[in-house]
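Hi everyone, thanks for coming. Let me put the structure up on the screen so that we can walk through it together.

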Amino acid sequence: MTVTQDPLAITPVAPPRDEARVARREQIRLVLRSKTFIAGAIIVGFWVFCAAFGRAVAPYSPFETDILAKLEPPSAEHWFGTDRTGRDVFSRVLAGARDIMVVSLGATVLGTVLGTAIGLATGYLRGLVDDIVSRVVDAFLAVPVVVLGLLVLVAVTPSKLTVILVIGVVFTPIIARTVRAAVLAERELEYVEAARLRNERAPYIMFGEILPNVLAPVLVEFTVRLGYAIFAIATLSFLGVGIQPPAPDWGVQVFDHYQFLNGGDWWPTVFPAAAIATLVIGVNLVADGLTHALER
Amino acid sequence: MSLAATAAATAPALELDDLCVAYRVRGAWRQVLRGVSLSIAQGESFGLVGESGCGKSTAAFAVMRYLPRNGRVTSGEIRVGGADLLAMSEADVRRHRARTVSMVYQNPGAALNPSIRVGDQVAEVFEIAGASRAQARERTREMLAKVQIADAGRVMRRYPHQLSGGMQQRVVIAMALASDPTLLILDEPTTGLDATVEAEVLDLVASLRREFETSVLFISHNLAVIRRMCDRVGVLYAGRLVEEGPADEVFRDPRHPYSVGLLRCIPRGGVRKGERPLDTIPGFLPSPGADLRGCVFTERCGLAQEVCRAEEPPLYPVSEGRWSRCHFWPQAHEVPYTAVTPAGAGAARANGEAVLRVENASKTFRQDGHHVRALAEVDLGLRPGETLGLVGESGSGKSTLARVVLGLTAPDEGGRIELDGEPLAPTLAGRGTEDVRAIQIVFQNPDAALNRRFSVRRIVGRALTKLVGLSGERREARMRDLLHAVRFDDRLVGARPSQLSGGLKQRVAIARAFAGDPRVVVCDEPTSALDVSVQAAILNLLVELQAEKGVTYLFISHDLGVVRYLSDRIAVLYLGRLMELGSAETVFAPPHHPYTEALLSAVPTLEGEERPRIRLAGEIPSAAEPPAGCVFHTRCPRKWGEICEREEPPLAEVEPGHLLRCHIPLGELRRLQAAPPAPQSKTTS
């Protein structure tokens with residue numbers, strides 16, 4: 001028995017399917033229109049290409065030594081010159097993209113996953129859990145990443161896996177703090193209470209209800225951290241506790257050759273250093289673009 | 001400038017001439033104002049009404065020349081005191097904003113800079129006008145006194161967040177008037193304030209207007225407020241003024257189908273849910289930039305004819321200073337009613353054993369070492385199929401009571417909640433699915449209450465899975481029934497909340513609350529975020545669902561008209577205490593508690609009748625240090641004597657079914673409240 005006859009009230013003005021798509025497209029458009037994002041994406045894209053195909057397109061093998069041609073300056077034959085054992089610097093820079101990308105990506109993913117879980121738990125549950133974990137997080141944050149990483153890595157055998165684990169764990173509290181802040185705002189919204197009024201368990205509320213709503217800050221934090229991870233891993237490699245020689249890692253290359261700078265042989269140091277710099281800058285530009293588009 | 005100044009003395013304070021404003025959205029210009037013409041005389045107060053999206057605020061921003069960056073005046077003229085606003089240079093516009101036009105926004109908390117002391121913020125306006133620092137401070141003190149801030153010196157040293165909402169709005173009004181503007185624009189200045197505070201702010205604006213002889217452009221969706229505050233009113237629809245005239249005439253005898261519809265949507269004159277459903281305006285506001293030919297209201301108009309589609313109606317003069325943009329204005333009031341049958345005519349008259357009983361429920365929060373008692377020894381019983389209205393100012397404990405009932409917050413030791421005579425666990429954690437699904441809630445703001453990442457299907461479906469244990473085909477079928485019951489087109493189940501209108505979102509929230517066939521549904525201001533026509537449809541829906549399913553409502557609202565329309569019984573809360581409880585008729589008619597009396601008299605009516613007005617002194621006291629004796633004695637306009645300060649009155653049954661917490665004997669209350677306006681009615685000055 002229908003009492004109120006408002007037949008039109010159930011037909012919205014515009015077909016809504018469209019509007020969802022339009023809204024999403026609008027956000028993507030906003031990201032793509034950002035010059036910062038585009039510039040960053042081009043740089044990162046170049047290094048991703050090198051990470052994937054660097055060894056295939058490199059003119060020489062990155063490991064092939066040539067004692068007779070060591071420390072030769074850049075020439076038509078060796079665009080970036082050769083290093084102290086006569087390896088082609090250009091090929092090593094191209095090939096070096098892979099290790100650092102894999103390790104930094106792995107570490108950041110690990111840190112983001114752990115950090116997001118901890119951030120969700122502390123932000124949603126509050127109380128004692130939050131107090132304890134937050135103090136531990138604060139303690140972690142007081143020590144610089146590289147120092148912390150260095151301390152741990154000198155104690156264990158350095159390998160790609162240990163670097164990933166160490167950097168990932170060190171990043172976890174930082175990411176947890178960002179996620180926690182976003183969760184604190186979300187948990188005040190009534191859909192969380194509506195979920196409690198359905199007898200939902202805490203894990204579902206955290207991961208099923210709240211997580212989808214904090215993905216934007218998580219994505220931004222991920223990109224920002226990726227930049228730091230590249231920087232931190234290059235530093236650790238330079239210090240000898242990161243990626244190990246003879247891998248054509250950029251930080252290792254810089255470490256191996258910086259003493260030759262005094263002799264005027266700048267190329268085996270400057271080119272890998274520039275590679276580190278461009279990749280970090282590229283990732284940061286992407287992060288900036290995303291921040292502006294997603295965090296209004 | 002001098003030439004303009006002389007012209008300003010005679011010219012209207014504001015003149016809009018065929019004003020068109022468009023916003024550029026996704027590369028296309030969308031028309032928002034479609035040729036608005038109006039004129040506000042010196043010292044006149046003009047009200048602009050209409051539902052959200054009609055262009056009210058756009059008009060205000062245009063007058064400030066403060067349109068968003070994607071907005072543009074496409075044609076027409078704006079003259080303020082005779083000066084052409086659109087031809088002004090940037091520097092002149094700044095002068096114009098500093099001297100001639102001031103604006104008061106809806107949210108005073110956002111209008112004030114949180115990091116600058118109140119005194120410095122107001123003084124800045126005087127300093128810009130050329131006063132010295134010392135002068136500016138002196139005048140700030142005077143100005144704050146004028147807006148009835150008692151201890152101006154002390155308030156000046158405070159930061160905005162240390163003031164209550166009403167106080168903040170007074171400060172904003174003081175700032176707006178500091179430049180002695182010729183035109184004051186008030187954009188929903190009291191929306192979001194308590195009725196009692198709203199009444200005070202409106203009184204203040206009215207008296208200041210007389211004192212400063214300022215012209216006012218008053219924007220509000222609340223027709224009763226406009227009715228009270230304005231000489232003339234313009235009804236805006238889809239960026240077009242559809243009717244204009246003296247406020248009392250327009251509200252008494254509207255001559256445009258849209259105005260007629262708006263007025264019919266509002267529960268008024270003591271109409272109750274059993275008598276007739278509220279009328280609604282079918283359909284939706286055309287989206288901005290829609291290509292509208294003919295009359296803008298055609299699509300939703302019950303009177304629309306061929307001519308309405310073909311021809312834009314001219315201004316038909318109705319009477320002196322009054323016109324309507326409707327081809328059929330003489331028959332405007334003949335717009336057919338959309339809802340004919342009395343909604344819930346068969347509403348089960350509430351009786352029988354209480355379905356839900358709250359006994360001795362208290363809730364004490366600890367805050368910075370203080371014990372804040374948000375709820376104090378509340379006893380309530382809800383009968384099956386009844387609606388219990390819960391009223392009181394913000395901070396009176398309405399929401400706390402609701403949360404305690406729902407199990408979201410545990411009551412203090414000694415409190416008990418019973419469902420069908422069986423005690424309930426204090427929190428959700430201890431309640432089984434049966435108990436959880438029995439008590440559900442419809443929240444105020446559907447945007448926050450619905451997960452914005454989820455589709456309607458997931459929102460409603462999840463509730464069915466968790467509360468009823470349905471899955472697969474049976475769940476789908478049940479969901480279709482449910483959505484049908486709340487009049488939600490199930491073709492939209494894939495949509496996310498952001499794609500739905502406010503009313504549709506609230507329907508989804510209602511469907512979710514009803515998923516587990518609840519016994520009691522808490523409605524926490526379910527319509528206060530909605531436009532009146534949508535509100536009417538939602539209220540009708542709630543009434544229908546109640547009649548169909550025999551559910552009990554605990555209905556929280558600050559809108560007394562809505563509460564009166566829907567409630568069988570009403571409970572009045574003040575500082576966490578139950579002050580009065582009785583049937584809707586008893587509570588709304590004298591004799592009632594002095595607090596109830598004050599609440600009722602604070603609400604402006606559409607009829608515009610002059611009622612004895614009782615203003616509550618000061619603000620609701622802190623629950624951390626409630627006054628001794630009767631908690632209301634500090635503000636009570638009918639204080640009986642010294643006993644009120646010493647002894648807390650008991651909640652006594654003064655008549656059958658009518659409970660009152662007051663020392664004044666019922667007979668005496670009856671005599672007092674029948675008397676003409678109380679001479680002791682106070683203001684904060």
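I'll go through two helix pairs, then the core, then a few backbone details.

First, some housekeeping. This is a predicted model, in which local features need pLDDT of at least 70, side-chain atom pairs count only at pLDDT 80 or more, and totals for chains, interfaces and linings use all residues. Residues are numbered from 1 along each chain as its sequence is written, while chains are lettered from A and ligands numbered from 1 in the order in which they are written. When I say helix, I mean a DSSP run of H or I with at least four residues, numbered from the N terminus.

Let's start with helix packing. Two packed helices are described by the angle between their axes and the distance between the axes. The axes here are lines fitted to C-alpha atoms over the stretch in contact, and angles run from 0 to 180 degrees between N-to-C directions.

In chain A, look at helix H3, residues 89-125, and helix H8, residues 202-210: their axes come within 10 Å and cross at roughly 115 degrees. H3(A) and H8(A) are therefore roughly perpendicular to each other, a label for angles of 65 to 115 degrees. The contact brings together Leu120(A), Ala121(A), Tyr124(A) and Leu125(A) from H3(A) with Ala202(A), Ile205(A), Met206(A), Phe207(A) and Ile210(A) from H8(A). Contact means C-beta atoms, placed from the backbone, within 7 Å. These residues divide into 9 nonpolar, no polar and no charged. Nonpolar covers Ala, Val, Leu, Ile, Met, Phe, Trp, Tyr, Cys and Pro; charged is Asp, Glu, Lys and Arg; the others, Gly among them, are polar.

Over in chain B, helix H9 (residues 195-212) packs on helix H23 (residues 594-602) at about 50 degrees, with the axes 8 Å apart. On H9(B) the contact uses Ala195(B), Thr196(B), Glu198(B) and Ala199(B), and on H23(B) it uses Ala598(B), Leu599(B) and Ala602(B). Here the split is 5 nonpolar, 1 polar and 1 charged.

Now, which residues have the most contacts inside the largest nonpolar core? They are Leu217(B), Val405(B), Val460(B) and Leu554(B), in a core of 275 residues. A nonpolar core is a set of buried Ala, Val, Leu, Ile, Met, Phe, Trp, Tyr and Cys residues joined through C-beta atoms within 7 Å. Buried means 20 or more other C-beta atoms within 10 Å of a residue's own, exposed means 12 or fewer, and partly exposed is in between, with C-beta atoms placed from the backbone. H3(A), which we have just met, gives the most to this core, with 14 residues.

Val405(B) also appears among the buried residues of H14(B). In that helix, residues 398-406, 9 of the 9 residues are buried, so it is largely enclosed by the rest of the structure. Right after H14(B) comes Gly407(B), with a positive phi near 90 degrees.

That takes us to the backbone. Most residues other than glycine have a negative phi, and most peptide bonds are trans. Gln148(B) is not a glycine, yet its phi is positive, about 60 degrees, and Arg487(B) likewise has a positive phi of about 60 degrees. Gln148(B) is partly exposed, with 18 other C-beta atoms within 10 Å, whereas Arg487(B) is buried, with 23.

Finally, two cis peptide bonds: one joins Pro245(A) and Pro246(A), with omega about 10 degrees, and another runs from Pro590(B) to Pro591(B), with omega near 0 degrees. Thanks for listening!

Notes:
Helix = DSSP H or I, 4+ residues; strand = E, 2+ residues; numbered from the N terminus. Contact = placed C-beta atoms within 7 Å. Parallel < 35°, antiparallel > 145°, perpendicular 65-115°, else oblique.
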